[in-house]
Amino acid sequence: METILKVSAQPYEFRFEPASTALLIIDMQRDFILPVGFGEMLGNDVAKLKPAIEPTRRVLESFRSKHLTVLHTREGHRPDMSDCPPAKRARGNLKIGIGDKGPMGRVLIRGERGHGIIERLEPLPSEPVIDKPGKGAFFATDLELILKNLGIRSLVVTGVTTEVCVQTSVREANDRGYECLVLVDCVASYFPEFQRAAIDMIKAQGGIVGWVSTSVELLKVLTGV
Ligand code: C5J
């Protein structure tokens with residue numbers, strides 16, 4: 001029998017079946033979150049992303065303890081950079097940019113330390129990691145195939161940054177028919193005003209691309225599973 005859970009959310013209650021729901025953790029990589037990574041090279045204050053780590057960890061632990069599906073994404077490129085558009089590499093006019101050697105290895109390159117997910121949220125071997133060359137988690141990846149094979153219909157979305165890779169991925173997911181719940185305290189931006197605007201855009205117009213809630217509200221309903 002299907003178990004349908006109901007989370008208090010905006011613009012209205014979010015209903016989901018745990019067995020067909022995945023936690024999608026977007027780009028919690030050292031290159032975006034730690035000092036001396038790509039995020040800081042772009043001139044950002046990376047401390048602004050830190051508050052999302054512990055709430056995400058609590059949601060991750062809950063999904064794991066209930067044997068629910070967890071997926072992680074990482075933004076980055078092949079070492080030969082054949083999947084990196086020259087326009088992306090040139091953007092920002094940086095002294096050290098994508099593919100160059102930085103303090104955590106080559107910036108945003110797969111296999112390098114900076115490209116890896118932070119220790120607190122390190123994927124288990126059983127959790128698929130989607131390597132994506134773009135902002136969206138569906139563009140040029142096998143995410144859709146994996147979700148289809150696992151029978152996933154709803155996504156709980158967390159990660160960074162809210163208005164870039166999180167929002168792009170939610171829009172892509174919504175167009176493919178997935179119902180997305182974004183947890184406000186588990187997403188973060190270098191720009192507080194963009195965080196607010198992105199969240200408002202997701203839930204506007206009756207939930208035009210998804211629903212918005214908090215880790216506390218989700219954990220309340222997951223506890224009973
Ligand atoms: C960015 C991301 N901001 N993960 N990537 O370039 O949001």
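In what sense do β3 and β8 pair, and over how many bridges? β3 and β8 pair in the parallel sense, over six bridges. Two strands count as paired if DSSP finds at least two bridges between them. Helices (H or I, at least four residues) and strands (E, at least two) are DSSP runs, numbered from the N terminus. This is a predicted model, in which local features need pLDDT of at least 70 and side-chain atom pairs count only at pLDDT 80 or more, while totals for chains, interfaces and linings use all residues. Residues are numbered from 1 along each chain as its sequence is written, and side-chain values use heavy atoms, with hydrogens and water left out.

The pair belongs to an open sheet of six strands, in the order β7-β4-β3-β8-β9-β10, with parallel pairing. At the edges are β7 (129-132) and β10 (211-213), each of which pairs on one side only. From one strand to the next the twist averages 25°. Angles run from 0 to 180 degrees between N-to-C directions, and axes are lines fitted to C-alpha atoms, for helices over the stretch in contact. Strands of a sheet pair through backbone hydrogen bonds, either parallel or antiparallel.

Individual bridges can be followed across the sheet. Between β3 and β8, T21 has S154 as its bridge partner. On the other side of β8 (residues 154-160), six bridges join this strand to β9 (residues 179-188), and the two run parallel. Within that pairing, V156 has L181 as its bridge partner, V157 stands opposite V182, and G159 stands opposite V187. Towards the β7 edge, β4 and β7 pair in the parallel sense over four bridges, with T73 opposite I130 of β7.

How far are these strands covered? Buried means under 20% relative accessible area and exposed means over 50%, with partly exposed in between (1.4 Å probe, protein chains only). β8 is largely enclosed by the rest of the structure, because seven of its seven residues are buried. S154, V156, T158 and V160 point one way from β8, L155, V157 and G159 point the other way, and all are buried. β9 is mostly covered, with seven of its ten residues buried. In a regular strand the side chains alternate between the two faces of the sheet. Along the edge strand β7 they do so with unequal cover: I130 and K132 point to one face and are buried, while V129 and D131 point to the other and are not.

G159 in β8 gives a closer view of the sheet interior. G159 has a relative accessible area of 0%, and therefore counts as buried. Contact here means heavy atoms within 4.5 Å. Leaving aside neighbours within four places in sequence, G159 is in contact with I26, M28, V166, C186, V187 and A188. G159 and I25 are 134 residues apart in sequence, yet their C-alpha atoms are 5.2 Å apart in space.

Next come the helices and the ligand. Which residues are around the ligand? They are D27, F32, E75, K135, V160, T161, V164 and C165, where a residue is included if one of its heavy atoms lies within 4 Å of the molecule. Polar contacts are pairs of N or O atoms within 3.5 Å; within protein, one must be able to donate a hydrogen and the other to accept it, and residues adjacent in sequence count only if both atoms are side-chain atoms. A polar side-chain atom of D27 lies 2.7 Å from a nitrogen atom of the ligand, and one of K135 lies 3.1 Å from an oxygen atom of the ligand. From V160, a polar backbone atom is 3.1 Å from a ligand nitrogen atom. Taken alone the ligand exposes 230 Å², of which the protein buries 91%; accessible areas come from the Shrake-Rupley method with a 1.4 Å probe, and for residues only the protein chains shown count as cover.

Helix α3 (residues 53-65) holds S62, and helix α8 holds L219. S62 counts as buried because its relative accessibility is 10%, and L219 because its relative accessibility is 18%. Not counting residues up to four places away in sequence, S62 touches L219 and L222, while L219 touches R58, V59 and S62. The C-alpha atoms of L219 and S62 are separated by 7.4 Å, although the two residues are 157 apart along the chain.
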